[in-house]
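Grab a coffee and work through these exercises with the model open beside you. Try each task before you read its solution.

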Amino acid sequence: MAALLAAVMAVPAAAHPVLDPGFGDNMVLQAGHPLVLSGQAQAGVTVTARLGTSEARAVSDAAGGFVITLPAQTATATPNTLTISDATGASTYANILIGNVFLCGGQSNMELPVDRALDVYNQLRQAADEGIRLLMVPKATAPVPQASFAAPTGWKAATAETVAPFSAACFYMAKALRRKDPATPVGLIHSNWGGSAARAWYDPAGGEAIEGAEALALLALYDRDPYAATQAFVPRWFDFWRARDRGREPWKNPALLDWKPIPKFTMWNEWEGTGLDKEPRANVWLKQTVTLTAEQARGDGSLAIGAIDDMDLTFVNGHPVGYTFGWGVERTYRVPAKHLKAGENEILIAANNMWDTGGFFAGPERLHFTAANGERVPLGADWQYATTAVTDIPPRAPWDANAGVGVMHNAMIAPLGRMRLAGVAWYQGEADAGQGPYDPKLAALFAGWRRQFGPQARMLVVQLADWGERRSAPTESGWAQLRDDQRRGVAADANAALVTAIDIGEPTDIHPANKNDLGKRLAQAFDARAMPMPARAVREGAAVTVSFTGIAGGLQVQGGPYPLGVELCEAAPGTCRFVLARAEGDRLVLPVPEGMAPTRVRYAWADAPVVNLVDGEGMPIPGFGLDITS
């Protein structure tokens with residue numbers, strides 16, 4: 001693993017030493033801990049770092065990488081200059097502040113910008129603050145850790161212009177911290193991707209721990225040779241398809257399918273009367289032929305099929321040549337000469353759509369075959385399609401664009417370098433609901449961030465907001481289960497806090513606009529305010545008592561005498577019942593209905609629960625499930 005990382009992250013040595021891309025002019029460096037700086041120089045040279053009166057040295061390794069540790073610095077809003085030098089020259093970084101630095105990561109709710117949150121006009125008028133510095137990481141994926149970002153970026157002071165596209169939850173956290181402590185600058189790193197799964201953000205060690213060494217080996221192979229990686233992965237897809245289509249193999253015998261001309265070259269949601277306009281979540285086969293001359297068929301070619309929403313496995317003359325997930329990702333696949341022939345060549349695409357629109361994402365001009373001699377042959381718009389009875393989602397490769405193993409970490413976290421952070425604010429989980437236990441995923445993420453950013457980093461996890469159908473009876477809920485997994489993942493970590501958004505969501509909008517209050521809660525959680533957390537549920541005679549930690553001023557019930565959404569459950573499925581609990585100090589007392597033998601307490605166990613239980617400072621109680629002890 002170490003050899004792999006060293007190989008993929010090595011970059012050509014600079015003429016003089018430079019820090020990793022996460023460092024730069026106008027940045028904030030972490031106060032109160034040894035100040036770690038990482039970068040690149042020529043191999044085997046002594047590199048010196050100077051910041052004010054502090055100075056330290058290190059010798060670069062065989063690949064030119066270096067890590068220098070300066071003494072801990074005191075927070076200051078007075079600009080500093082940092083110099084990194086060796087015998088070849090120096091790099092100077094200007095306007096450096098010392099304060100608290102945060103990585104804000106996750107999917108679309110952490111990505112949601114200030115200009116889409118509440119009170120945007122007033123907030124942008126007051127956004128300017130030289131003591132808040134912002135770094136927006138460009139979106140990209142990569143199968144292995146990268147040494148640079150996909151596009152140029154840099155640290156900027158907070159202004160109305162720089163804040164508008166920045167993470168609202170992250171920025172409002174910084175504003176709250178600055179109001180309480182205006183002498184301490186705050187640095188914010190925005191690294192988010194809507195729809196991303198947790199596993200896309202694992203570091204290589206976390207990815208191997210959760211997904212296995214085979215997944216990491218496939219990613220390394222994909223980095224070297226995407227075609228070879230596809231051949232190694234597709235047997236899983238073949239097994240999936242045969243098991244669900246009565247053993248049939250349409251890629252070998254397309255005549256097994258009922259082919260029809262596509263109504264028009266668009267997303268298949270627009271194909272009226274096909275059934276896909278009513279239910280676009282489907283597996284659909286697409287077919288085209290391309291006629292090649294003997295010269296065009298000689299040598300390896302490349303096949304561009306535009307973007308397919310969401311997933312494709314593409315075949316040429318019955319041979320798989322590429323496999324991609326990503327609704328806006330352009331596909332270009334190498335086609336070995338051994339799979340080509342003079343005359344007609346058959347192209348098949350097994351396309352899957354799991355959400356919203358499906359099929360061709362761009363116009364037919366994006367689709368073509370390019371021969372080894374450089375000649376381009378358009379594929380045209382006259383494709384055929386065949387629907388299937390297969391409704392399951394195919395297996396997803398480890399290089400998957402939004403759920404591949406570590407693909408976002410590799411391109412959007414690894415290039416930040418070995419800087420130190422005060423904390424990580426993480427808002428993600430919507431994409432992982434119903435996808436297995438979430439708390440081990442959090443443990444892997446926490447460990448990866450601390451390996452890169454230091455053991456001091458505090459983990460702040462946002463518990464999912466309420467979204468979806470309101471329910472008037474106890475029900476099962478993948479979102480509620482994930483919220484409880486988030487709670488358990490945080491409880492298992494000595495330096496983490498759960499910040500619930502369960503009361504500030506919008507049932508009809510998965511992207512609630514109230515990131516203002518969420519940012520304030522994140523600031524409180526970082527700044528030593530213990531968050532409400534359930535501790536134990538104990539049977540005491542005819543009642544079950546739930547005790548809590550982090551309660552300020554006792555439990556309070558808003559809008560009535562009873563907390564809403566409190567349930568007792570027996571061991572068997574479907575036995576949960578609402579009960580009229582009462583708040584007593586820091587405890588919740590649940591009377592046990594006659595004849596019931598409860599084994600578990602649930603609170604706010606629904607996708608979009610209505611909640612009214614808070615502590616004396618108005619902090620909501622998170623959704624949870626607890627086993628009852630005697």
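**Exercise 1. Find the helix that holds A160, then describe the surroundings of A160.**

Step 1: A160 sits in helix α4, residues 160-163. Helices here are DSSP runs of H or I with at least four residues, strands are runs of E with at least two, and both are numbered from the N terminus. This is a predicted model, so local features need pLDDT of at least 70 and side-chain atom pairs count only at pLDDT 80 or more, while totals for chains, interfaces and linings use all residues. Residues are numbered from 1 along each chain as its sequence is written, and side-chain values use heavy atoms, with hydrogens and water left out.

Step 2: Check the exposure. A160 has 25% relative accessibility and so counts as partly exposed. The cut-offs are under 20% relative accessible area for buried, over 50% for exposed, and partly exposed in between, with a 1.4 Å probe and protein chains only.

Step 3: Look for partners. Not counting residues up to four places away in sequence, A160 touches L124 and A127; contact means heavy atoms within 4.5 Å. D115 is 45 residues from A160 along the chain, and their C-alpha atoms are separated by 9.7 Å.

**Exercise 2. Work out how α6 and α7 cross, and which residues meet.**

Step 1: Two packed helices are described by the angle between their axes and the distance between the axes. For α6 (residues 204-211) and α7 (residues 213-224), the axes come within 6 Å and cross at roughly 130°. Axes are lines fitted to C-alpha atoms, for helices over the stretch in contact, and angles run from 0 to 180 degrees between N-to-C directions.

Step 2: Name the arrangement. Under 35 degrees is roughly parallel, over 145 roughly antiparallel, 65 to 115 roughly perpendicular, and the rest oblique. The pair α6 and α7 is therefore oblique.

Step 3: List the residues. From α6 come P204, G207, E208 and E211, and they meet A213, A215 and L216 of α7. Sorted by class, this contact has four nonpolar, one polar and two charged residues. Ala, Val, Leu, Ile, Met, Phe, Trp, Tyr, Cys and Pro count as nonpolar, Asp, Glu, Lys and Arg as charged, and the others, Gly among them, as polar.

**Exercise 3. Do the same for α7 and α8.**

Step 1: The axes of α7 and α8 come within 6 Å, crossing at roughly 145°.

Step 2: On the α7 side you'll find L218, L221, Y222 and R224, and on the α8 side P226, A228, A229, A232 and F233. That gives eight nonpolar residues, no polar ones and one charged.

**Exercise 4. Which residues touch the most other members of the largest nonpolar core?**

Step 1: A nonpolar core is a set of buried Ala, Val, Leu, Ile, Met, Phe, Trp, Tyr and Cys residues joined through side-chain atoms within 4.5 Å.

Step 2: The largest core has 135 residues, and L82 and W285 touch the most other members. Helix α5 (residues 168-180) supplies the largest share, nine residues.

Step 3: Zoom in on L82. Beyond its neighbours within four places in sequence, its contacts include L19, M27, L37, Y93 and I96.

Step 4: Another core, of 31 residues, lies apart from the largest one, and W268, V284, L286 and L303 are among its members.

**Exercise 5. Is α12 buried or exposed along its residues?**

Step 1: α12 (residues 515-526) has twelve residues and reaches 16 Å from first C-alpha to last, close to the 16 Å expected at 1.5 Å a residue. The expected span is 1.5 Å times one less than the number of residues.

Step 2: Buried residues in α12 include K515, N516, R521 and F526. Nine of its twelve residues are buried, so α12 is largely enclosed by the rest of the structure.

**Exercise 6. Spot the unusual backbone at D119, D356 and the D309 to D310 bond.**

Step 1: Most residues other than glycine have a negative phi, and most peptide bonds are trans.

Step 2: D119 has a positive phi of about 60°; it lies in the loop between α2 (108-111) and α3 (120-125). D356, in the loop between β18 (343-353) and β19 (359-360), has a positive phi near 60°.

Step 3: A cis peptide bond joins D309 and D310, with omega about 5°.
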